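Hi,

Here is the structure I promised to send over. Have a look at it first, and then read my notes below.

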Amino acid sequence: QAHLDRIVAVDGDLHAFLHVNAHALDVAADIDRRRAAGEELGPIAGVPLAIKDVLVTTDMPSTSGSKILEGYLSPYDATVVARSRAAGLVPLGKTNMDEFAMGSSTEHSAYGPTRNPWDRERIPGGSGGGSAAAVAAFEAPLALGSDTGGSIRQPAHVTGTVGMKPTYGGVSRYGAIALASSLDQVGPVTRTVLDAGLLHDVIAGHDPHDATSLTDSWPSFADAAREGATGQVLKGLKVGVIRELADSGFQAGVASSFRDALSAMAAQGAEIVEVSAPHFEYGVAAYYLILPAEASSNLAKFDSVRFGMRVTPHAAATVEEVMAATRDAGFGDEVKRRIILGTYALSAGYYDAYYGSAQKVRTLIQGDFDAAFAQVDVIATPSAPTTAFRFGEKIDDPLQMYLNDVTTIPANLAGVPGISIPSGLAAEDGLPVGIQFLAPAREDARLYRVGAALE
Ligand code: GLN
């Protein structure tokens, strides 16, 4: 009830939610009944959960921030949603996002942007700005996000929250409306590292419905966070700092917060080691070929026949005319831009030059990570180059928007886990800054230990 009250009080202005669950209190009452009847419920049963609208749900619409899916009801729950329900979490509602998770500001949502609770003239990050703003504004204690190129970590960075992108394959993508299938991962957005671990424990693990789901059994991430909170893990921990990222144009307050966090870690016994990742500078370019290529294929299913909106331009319209009119009306500009980029990059005669080259860069970046992790336990970077920017600042300049992803994209290209945790406020604007830690694939627990130690 407290969270629903808070949503009523602030969400008219923030617009973190696209839909609020009318049955949340009934679900909560049912959990209370089960607990009273002596049923053993998990450690976070009864806790409200905000769900990014990219995740399909049977009882609430799932639009992925797009007009083309307005009012769409899924016949099944995403696996992460089903697991959350089974663990007794109470779905609070669906959160706003850039259309089909394309963007870094929520300004590309077809339903209007979300405001950053720290400064309502500024963006809450993207694409999962709704989830991060909901958590930062105390509308929800926990949220689910998806991260294809930073959409969990960058919103966490600009809202002073914790965002974790698991190892690729560690959390099921079944029922996460696909953006780029080789990059997408679902993960938690919370206020503390322990909260993220508790939610990650609920959603992790093999899912036969997702062909790329790992069969690993995962350690408890909540336990890893508790272990990390003792601070002991920093002693002798080798923390890599990437030389080539130094001139990525970090805002002064972001750079100094990062240096302070490293000094704090060193004071507790961590060893800061400079490592080289010579191909990181090509990450953004490779990502913005691979992502549109995969997205253009994934979005082909929005054909006016199988899902959502249908626009019939005139009575005798052909299938092609209906499809074109529907996509013209249903997709926003950024989605159209990426479909065009993707189909171009995949077309005969250009495939090797663009898509093929980008895949080679991806392999080289994976090699950079392998070489770095042979020397260090974790890599640390600022989570993003700047604090929350103002609405309108980058929206007309897609390249500037894309360059904002320089620090988050490499983890998706390599499939490794990454966490962003708050590292203070920038001196010049008083806005939140995050520090990102990256670990080798499957070492998600290490990020919870290190993150909790620094928190
Ligand atoms: N800013 C990235 C993009 O626009 C983030 C995408 C994501 O993680 N969903 O592609």
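**What I found**

Starting with one glycine: Gly 205 follows helix α6 and has a positive phi, near 115°. Before going on, keep in mind that this is a predicted model.

Helix α6 itself is worth a look. It covers residues 193–203 and lies across four strands, β4 (142–147), β5 (162–165), β6 (185–190) and β10 (418–425). Relative to β6, helix α6 runs at about 145°. How many of the residues of α6 are buried? The count is 11 of the 11, so the helix is largely enclosed by the rest of the structure. Charged residues are part of that, as Asp 195 and Asp 201 are among the buried ones, along with His 200.

Now the sheet. It is open, has 11 strands with mixed pairing, and its order reads β1-β3-β2-β4-β6-β5-β10-β11-β9-β7-β8. Which strands stand at the edges? They are β1 (17–20) and β8 (271–275); each has a single partner strand, so one side of each is left without a neighbour in the sheet. On average, neighbouring strands are turned by 30° against each other, direction ignored. At the β8 end, strand β7 (residues 238–242) pairs with β8 in the parallel sense over five bridges, and Lys 238 stands opposite Glu 271 there.

Further into the order you come to β11 (residues 432–438), where seven of seven residues are buried. In a regular strand, side chains alternate between the two faces of the sheet. You can follow that in β11: Pro 432, Gly 434, Gln 436 and Leu 438 point one way, while Val 433, Ile 435 and Phe 437 point the other way. Both partners of this strand run antiparallel to it: β9 (residues 378–382) pairs with β11 over four bridges, and β10 is joined to β11 by six. Ile 435 is a handy landmark, since Pro 382 is its bridge partner and Ile 421 also stands opposite it. The hairpin of β10 and β11 has six residues between the strands, and one of them, Gly 430, takes a positive phi near 65°.

Next, a pair of helices. The axes of α7 (residues 221–229) and α15 (residues 444–454) come within 7 Å and cross at roughly 35°, and the crossing is right-handed. On the α7 side, the contact includes Phe 221, Ala 224, Ala 225 and Glu 227; on the α15 side, it includes Asp 444, Tyr 448, Arg 449 and Val 450. By class, the residues of this contact divide into nine nonpolar, two polar and three charged. As for α15 as a whole, 11 of its 11 residues are buried, so this helix too is largely enclosed by the rest of the structure. Among those buried residues are Arg 446 and Arg 449.

On to the ligand. Which residues are the closest to it? They are Ala 101, Ser 104, Thr 148, Gly 149 and Ser 151, out of 14 that surround the ligand. The shell is made up of four nonpolar, eight polar and two charged residues.

Ala 101 deserves a second look, as it has a positive phi of about 65° although it is not a glycine. It sits in the loop between β3 and α4 and counts as buried, because it has 30 C-beta neighbours inside 10 Å. Thr 106 is found in that loop too. Its phi is also positive, at about 65°, and it is not a glycine either. With 32 other C-beta atoms within 10 Å, Thr 106 is buried. The loop between β3 (90–95) and α4 (129–136) also holds Ser 127, and a cis peptide bond, with omega about 5°, joins Gly 126 to Ser 127.

Finally, Leu 291 in helix α9 (residues 283–298). Is Leu 291 buried or exposed? It is buried, with 29 other C-beta atoms within 10 Å. Leaving aside its neighbours within four places in sequence, Leu 291 is in contact with Thr 148, Gly 149, Ala 180 and Leu 183. Two of these, Thr 148 and Gly 149, are listed among the closest residues to the ligand.

Cheers

Conventions. Residues numbered from 1 in each chain as written. Predicted model: local features only at pLDDT ≥ 70, side-chain atom pairs only at ≥ 80, totals over all residues. Near = placed C-beta within 6 Å. Axes fitted to C-alpha atoms, helices over the stretch in contact; angles between N-to-C directions. Helix = DSSP H or I, 4+ residues; strand = E, 2+ residues; numbered from the N terminus. Left-handed = near helix turned anticlockwise from the far one by under 90°. Contact = placed C-beta atoms within 7 Å. Pairing = 2+ DSSP bridges. Buried ≥ 20, exposed ≤ 12 C-beta atoms within 10 Å, placed from the backbone.
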